[in-house]
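Q: I would like to learn how to read the surroundings of a ligand and the empty spaces in a model. Could we go through them one feature at a time?

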Amino acid sequence: MPEIQLLRPDHVPALLAFELENRAWFAASIPDRGDDYFARFDERLGGLLAEQEAGLCYFHVVVGAGGEVLGRINLVDVADGGADLGYRIAERAAGRGLATWAVGEICGLAANRYGLSALRAATTLDNAASQAVLARSGFTVVGETRLSGRPGLSYFRSLADVTARPGATGT
Ligand SMILES: CC(C)(COP(=O)(O)OP(=O)(O)OC[C@H]1O[C@@H](n2cnc3c(N)ncnc32)[C@H](O)[C@@H]1OP(=O)(O)O)[C@@H](O)C(=O)NCCC(=O)NCCS
């Protein structure tokens, strides 16, 4: 059974391995991070953890039974009761409902742990898997957008219907 854990400093090596192993897989759907991202990974993660400490973002890893990182699911630009949702799942764990499960869990955490009332998301028109995840998770299309120059859709989900549920593990 996977778990969602709030990002901690001790996740960093496994997170780097996850990003490296899946770099080509992710780059097929979303812009590649670039070599500098990997070269300065520790420094960058330190910055993200500081932002999280300040309550600006909440980063999470989806961890498998053996402690391996299977995915990431993040809430960024937290302000005024809302946040932007982002996620990515390892190639070897994709197509099994993991993203859909994780988005459901994060909606519960967003409402019940972080006190948020709504989430925003966006995906490109050619990312059918991500569109399927959002549609199944209660997000509705609210407009058109562009992501790194590619046409996409903006989504919104009120969390008013999310009732108290068990939270994620970790702190
Ligand atoms: C998008 C992503 C998160 C989906 O993760 P996942 O765990 O495979 O998602 P799920 O299994 O919960 O659901 C995916 C759904 O999309 C469907 N799907 C996958 N590829 C599809 C395609 N090319 N066309 C139509 N539907 C597709 C699957 O069939 C599944 O629906 P189903 O359960 O009804 O069959 C994963 O592919 C990923 O990380 N991709 C790279 C990064 C990325 O695109 N992130 C999102 C940016 S907005």
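Q: To begin with polar contacts, how far is an oxygen atom of the ligand from a polar backbone atom of Arg96?

A: This is a predicted model, and in it a polar backbone atom of Arg96 lies 3.5 Å from an oxygen atom of the ligand. A polar contact is counted for N or O atoms within 3.5 Å, and two further backbone pairs can be read in the same way. For Gly97, a backbone N or O atom is found 2.7 Å from a ligand oxygen atom, while for Ala99 a polar backbone atom is 2.9 Å from an oxygen atom of the ligand. As for cover, the ligand taken alone exposes 950 Å², of which the protein buries 66%.

Q: Which residues around the ligand come nearest, and which element gives the most to the shell?

A: The shell has 23 residues, and those that come nearest to the ligand are Ile89, Gly95, Gly97, Thr100 and Arg136. Sorted by character, the shell around the ligand holds 13 nonpolar, 7 polar and 3 charged residues. Helix H6 makes the greatest contribution to this shell, with 6 residues.

Q: How should I think about empty space, and which space does the ligand take?

A: The general idea is that a probe the size of a water molecule, rolled over the atoms, shows where empty space is left. Here the ligand takes up the space of the largest pocket. The elements that each supply two or more residues to the shell around the ligand are helix H2 (23-27), strand E4 (82-89), helix H5 (98-112), strand E5 (118-124) and helix H6 (128-136).

Q: What volume does the largest pocket have, and which residues are closest to its centre?

A: The volume of the largest pocket is about 1,300 Å³. Its lining is made up of 42 residues, of which Ile30, Gly86, Tyr87, Arg88 and Asn127 are the closest to the centre. Two or more lining residues come from each of H2, helix H4 (41-53), strand E3 (69-79), E4, H5, E5 and H6, and E4 provides the largest share, 6 residues. By character, the lining of the largest pocket divides into 21 nonpolar, 11 polar and 10 charged residues.

Q: How many cavities of 30 Å³ or more does the structure hold, and which residues line the largest cavity?

A: A cavity differs from a pocket in that a probe fits inside but cannot get out. The structure holds 1 cavity of 30 Å³ or more, and the volume of the largest cavity is about 50 Å³. Its lining consists of Glu19, Arg23, Phe26, Ala27, Ile30, Pro31, Asp32, Arg33, Phe38 and Arg88, with H2 giving the most, 3 residues. The lining of this cavity comprises 5 nonpolar, no polar and 5 charged residues.

Q: Turning to the backbone, where are Asp77 and Asp80 found, and what is the phi of each?

A: Asp77, which is found in strand E3, has a positive phi of about 55 degrees although this residue is not a glycine. Asp80 is placed in the loop between E3 and E4, and its phi is near 50 degrees, likewise a positive value in a residue other than glycine.

Methods
Residues numbered from 1 in each chain as written. Predicted model: local features only at pLDDT ≥ 70, side-chain atom pairs only at ≥ 80, totals over all residues. Heavy atoms only, no water. Near = heavy atom within 4 Å. Polar contact = N/O pair within 3.5 Å; in protein donor to acceptor, adjacent residues only side chain to side chain. Areas by Shrake-Rupley, 256 points an atom, 1.4 Å probe, with all protein chains shown as cover. 1 Å grid on protein atoms, 1.4 Å probe; cavity = no way out; pocket = protein on both sides within 12 Å on 5 of 7 lines; lining within 4 Å. Sits in = over half its atoms within 2 Å of the grid points. Helix = DSSP H or I, 4+ residues; strand = E, 2+ residues; numbered from the N terminus. Nonpolar A, V, L, I, M, F, W, Y, C, P; charged D, E, K, R; others polar. Points joined across faces, edges and corners; volume = space filled by probe spheres on them.
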